[in-house]
Amino acid sequence: MADWQSEQRARDERIAAGSKVAAGKMVAPKDTTALLEAVIRPGDRICLEGDNQKQADFLAACLAEADPKVLHDLHVVQSGIVLPEHIDLFEKGIAKKLDFSYSGPQSHAVPRVLKSGKVELGAIHTYIELFARYFVDLTPHVALTVARSADRAGNLYMGPNTEDSPAVVEATAFKSGIVVAQVNEIADKLPRVDIPGDRVDFVVVAPKPFYVEPLFTRDPASITEIQILAGMMAIKGIYAEYGIKRLNHGIGFNTAAIELILPTYAEKLGLKGKIATHWALNPHPTLIPAIESGWVKQIHSFGSEVGMDAYMRARSDIYFTGRDGSMGSSRTYCQLAGLYATDLFIGSTLQIDLNGNSSTVTADRIAGFGGAPNMGCDAHGRRHPSEPWLKAGRESVDGHPQVTRGRKLVVQLVESFSEKMVPVFVEKLDAIELAETFKLDLAPVMIYGDDVTHIVSEEGIANLLLCRTAEEREQAIRGIAGFTEVGRRRDRKMVEKLRERKVIRRPEDLGINPLDAHRSMLAARSIEDLMHWSGNLYDPPNKFRNW
Amino acid sequence: MMETLKFSHVAKRRLSGTKGQAIIGVVASGNLEVLLERVLPEAACEVEIATPLTGYSETWKAVVAEFVERSSPGGLRISINDGGARPDTVFLRLVQGSALMETE
């Protein structure tokens, strides 16, 4: 007799084992390691959220305390390697294999454990790519999730930090897996239900509220005039030129500068209502002045940001909010929004080569990708037209082909030198060397050159759509690479020709007054200014309060 | 330990405008102060730099040459008090300075 329900029986056994240290679904903090040892099996695929922002930090600490003789060879499949405990799992031999997306704060630890041989690296994914694999060949056996509150039935309320959880929990729960949730408190009635209780097997009230990584707060005080100059070029030379209404911004200072000059510089150009109205964007505090000045129609967010809760609640015309009034985020849906429903992605990077390939990997730093490769690519499945998309498509071909298609604008916004005079423009990406060192089948390139349509530096805009040969492309990139080695090795004649064809455009070609590249152009010059713009609804994290 | 650099150029033409002097920027870490004076004959341009960082003379040379090529600051004597600024910042300041000199 064929056995078609072995997974469900295995699940029943795990639940029975876990129930010995639980009271119904409720587990005491002191019994949590024992619970995890009871419901997880060696070799399991496990997702320990591990998102971009919110962290199941108590469950991570409890799992890291497990006995490696009981729990070993786990295969970690989660988007974020963020906490030191995520690395500890490998150091202690509890986990062995890793498939992930993003490693921000642990970006220096990842290459270290790779070198030590304690991590077998599967792949570095984009978010929705990893979520997609949850439903095909990387389905978690156990998911350890995190919520603000739970009721006795195990229903979970996550508020603005819904993030990855619905995707993680659905994949796990519907394939006979076990779902354990860490919550800040038990409530009789939840503000809203983000995860239905019948998908949650065990709940533990953590001794401390869960940790949220503030990732998107950029202090306007640190924005430079170079960034303002490049921002003005992006607005005038790209946003206005193509009529970009639907867009996504990366999280760096360069794009924060754009957000802060919408109500000043772009207003002066008469662009209000014509650009930057609909966003797939995290709740960037630096967008507050543009929102308050009536620039923004709506924003859907991947995750939340520390200090933005009350502001978003009060601006439900702008943000997606639940019936309870609080914002609801979704990494899955927002990534899809960025992939299919925006006409422009603009973000920064650490290295760009002569083909326009870019990477944030350097010799001692593996930050992963997060969502950038997904935002920063042309979605070949897109079938709805829009003017910016069609214009970009037209620019990329000569003549009038029988079948035309559009192009998403993928813009890299950089300064030719990053901190400490490290050049951003390079002949060869460190990512390629890293792939050789660690024998990776695929070099971790963040955005492939053939997806990039424009590169903006303080020296100018290179429109790669208009390049017809590899040589033109190389010189277009060299022609805006400033005083880096790559920039200084340009063919000056060819660069001038490219400029005549508007493949390269400099600030003076765009009619930008260099004297406008001044900090007084920023609608807010400090975190305190942002707070004032928000009517004191924005509540900045302590580390950003310096007044 | 300051390094002093001096470059002399012949620009394509005299910088337009009549303003005799302008100052832009501040001496701060990663920033610089630029003093521009219209005191030289028609196309002559001299740039003198005081910088706390040594070993970047090739970069300074390239930045100044590019500025003279693009802005044609004929007639200007330019004094830079550098606080360790990146070349892109230096270039922007120079361009801002010459724009200021052209402003009435």
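Here is a short chat about a predicted model, covering some of its helices and where two chains touch.

Q: Let's start with helix H2 of chain A. Is it mostly covered or mostly exposed?
A: Mostly covered. H2 of chain A spans residues 32-39, and 6 of its 8 residues are buried.

Q: Which residues of H2(A) are the buried ones?
A: They are A:Thr32, A:Thr33, A:Leu35, A:Leu36, A:Ala38 and A:Val39.

Q: OK, new topic. How do the axes of H3 and H4 in chain A cross?
A: H3 (residues 57-64) and H4 (residues 84-91) have axes that come within 9 Å and cross at roughly 20 degrees. Angles under 35 degrees count as roughly parallel, so H3(A) is roughly parallel to H4(A).

Q: And is that crossing left-handed or right-handed?
A: H3(A) passes H4(A) in a left-handed crossing.

Q: Which residues make the contact?
A: From H3(A) you have A:Ala60, A:Ala61, A:Leu63 and A:Ala64, and from H4(A) there are A:Glu85, A:His86, A:Asp88 and A:Leu89.

Q: What classes do those fall into?
A: The contact of H3(A) with H4(A) has 5 nonpolar residues, 1 polar and 2 charged.

Q: Now the two chains. How many residues of chain A are in contact with chain B?
A: 15 residues of chain A, and they meet 12 residues of chain B.

Q: Which helix of chain A gives the most to that side?
A: That's H8 of chain A (residues 225-242), which gives 3 residues.

Q: What's the mix by class on the side of chain A that touches chain B?
A: That side has 8 nonpolar, 3 polar and 4 charged residues.

How values were computed
Residues numbered from 1 in each chain as written. Chains lettered and ligands numbered in written order. Predicted model: local features only at pLDDT ≥ 70, side-chain atom pairs only at ≥ 80, totals over all residues. Buried ≥ 20, exposed ≤ 12 C-beta atoms within 10 Å, placed from the backbone. Helix = DSSP H or I, 4+ residues; strand = E, 2+ residues; numbered from the N terminus. Axes fitted to C-alpha atoms, helices over the stretch in contact; angles between N-to-C directions. Parallel < 35°, antiparallel > 145°, perpendicular 65-115°, else oblique. Left-handed = near helix turned anticlockwise from the far one by under 90°. Contact = placed C-beta atoms within 7 Å. Nonpolar A, V, L, I, M, F, W, Y, C, P; charged D, E, K, R; others polar.
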